[in-house]
Each structure stands twice: as structure tokens, then as C-alpha cells.
Amino acid sequence: MKNVLTITIILLSLNITAQKKVHATVYNAVPAQTNSDPGHTAFMFELDLDNPYKHKIIAVSRDLLTEYPKGTKVCVAGTIYDGVYVVMDKMNKRYTDRIDLLINEEMQIGNWPNATITKLQ
């Protein structure tokens, strides 16, 4: 309940410009889930591989890049990792209407087909 209240306060204090329902999943900064260079996102953002979650990064499917380009701050809701993130990665071409939350390897995985992202300014 505390997280929902915090997110509500954040949203009310910011200029919200776009909201979209998406399928949210998680990924880890490892070669099997990224590419041969897990220390950098597709936008060449350098990750702290000891704690990649601290960056609060999401990857978006390529169809969402026009509305949510690199560097866009978004509020993610409907997951166990709700909060404010920055778009700093992009997903494989095969995905649409989807986001991936970058988490640490020891964190709980998840799959939320009815999550929302809200663009913040």
C-alpha cells in the first residue's frame, strides 16, 4: 500500500504525457539474456554488473521507442517492481507492446501481462 501511495504522489507532482498498457517482464545483465556485452545496454549505457538494478533501467520493445525514446522517465505500475525507471535499453525486434525491467540475478523473476507505463516529464 505504501508503494501505491508513493507512486500516486509522484504522478500527481509530475506532468504526465502518455500512458500505455504493456506486458512487463524482467531480465538480468548476463550474456544469455542480452548480448555478448552484458555490461552495456543497446544504447551503450554502462552498467554496474554488481548491482544493475540500482540504475532503474527498462528496455522497451521497438514499437514503443517513438513514444518512449532513450532517456525517457516512466512510472511502471502493475508489477512487484513498481516505480520510476529510465528507458535505456531496447528489446529484440520480435517483441511488441512490451517492457523488460533490469534486475539483479538474485531478485525474483516475474511476468505481468497487464502492467502500465506512464511517461513522465
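Two residues are in contact here when their heavy atoms lie within 4.5 Å. On that footing, take the contacts in the protein whose partners have a separation of 6 or more: 75% of them join residues 24 or more positions apart. The model behind these values is a predicted one.

The general layout comes first. The protein has one helix and six strands, and from the N terminus the elements read α-β-β-β-β-β-β. Out of 121 residues, 40% count as buried.

A good place to start looking is the largest nonpolar core, which has 21 residues. Ile-58, Tyr-81, Ile-99 and Leu-101 are the members that touch the most others. Two or more residues each come from β1 (16-27), β2 (57-60), β3 (73-77), β4 (83-90), β5 (98-102) and β6 (111-120). Strand β1 supplies the largest share, four residues. Apart from this core there is another, with eight residues, and Leu-47, Ile-57, Ala-59 and Met-91 are among them.

Ile-58 shows what a core residue gets to touch. With neighbours within four places in sequence set aside, Ile-58 is in contact with Val-74 and Val-76, then with the run Tyr-85, Val-86, Val-87, Met-88 and Asp-89, and also with Ile-99, Asp-100 and Leu-101.

The last three of those partners lead on to β5, which spans 98-102. How many of the residues of β5 are buried? Five of the five are, so the strand is largely enclosed by the rest of the structure. The burial can be followed face by face: Arg-98, Asp-100 and Leu-102 are buried on one side, and Ile-99 and Leu-101 are buried on the other, which leaves both faces covered. Strand β5 also pairs with β2, in the antiparallel sense and over three bridges. One of the residues involved is Ile-99, the bridge partner of Val-60.

Thr-25, a residue of strand β1, gives another view of β5. Thr-25 counts as buried, with a relative accessibility of 10%, which falls under the 20% limit for that label. Leaving out residues up to four places away in sequence, Thr-25 touches Arg-98, Ile-99, Asp-100 and Leu-101, and on top of these Gly-110, Asn-111 and Trp-112.

Trp-112 turns up again among the aromatic residues. There are two aromatic pairs in the model. In one of them, Tyr-81 and Trp-112 meet edge-to-face, with 6.2 Å from centre to centre and 90° between the planes. Where in the chain do Tyr-81 and Trp-112 lie? Tyr-81 is in the loop between β3 and β4 and Trp-112 is in strand β6, so the pair links distant parts of the chain, 31 residues apart. Tyr-81 and Trp-112 are both buried. Together with Tyr-53, these two make up one aromatic cluster. A ring also features in a charge contact: Lys-56 lies over the face of Tyr-85, at 4.3 Å from the ring centre.

Salt bridges come to two in number. In one, Lys-20 is joined to Asp-97, and the closest N and O atoms are 3.3 Å apart. Lys-20 sits in strand β1 while Asp-97 sits in the loop between β4 and β5, so this bridge ties together parts that are 77 residues apart in sequence. Are the two ends buried or partly exposed? Lys-20 is partly exposed, at a relative accessible area of 29%, and Asp-97 is partly exposed as well, at 33%. The other bridge brings together the side chains of Lys-54 and Asp-48, at 2.9 Å from N to O. Asp-48 has a relative accessible area of 24% and is partly exposed.

The loop between β4 and β5 also holds Lys-93. Lys-93 is exposed, with a relative accessible area of 66%, which is over the 50% needed for that label. The C-alpha atom of Lys-93 is separated by 6.4 Å from that of Arg-62, although the two residues are 31 residues apart along the chain.

Note on methods. Residues numbered from 1 in each chain as written. Predicted model: local features only at pLDDT ≥ 70, side-chain atom pairs only at ≥ 80, totals over all residues. Heavy atoms only, no water. Core = buried A, V, L, I, M, F, W, Y, C linked by side-chain atoms within 4.5 Å. Buried < 20%, exposed > 50% of the residue type's maximum accessible area, 1.4 Å probe, protein only. Salt bridge = Lys/Arg side-chain N within 4 Å of Asp/Glu carboxyl O. Phe/Tyr/Trp six-rings, centres within 6.5 Å; stacked < 30°, edge-to-face > 60°. Lys NZ or Arg CZ within 6 Å of the ring centre and 35° of its normal. Pairing = 2+ DSSP bridges.
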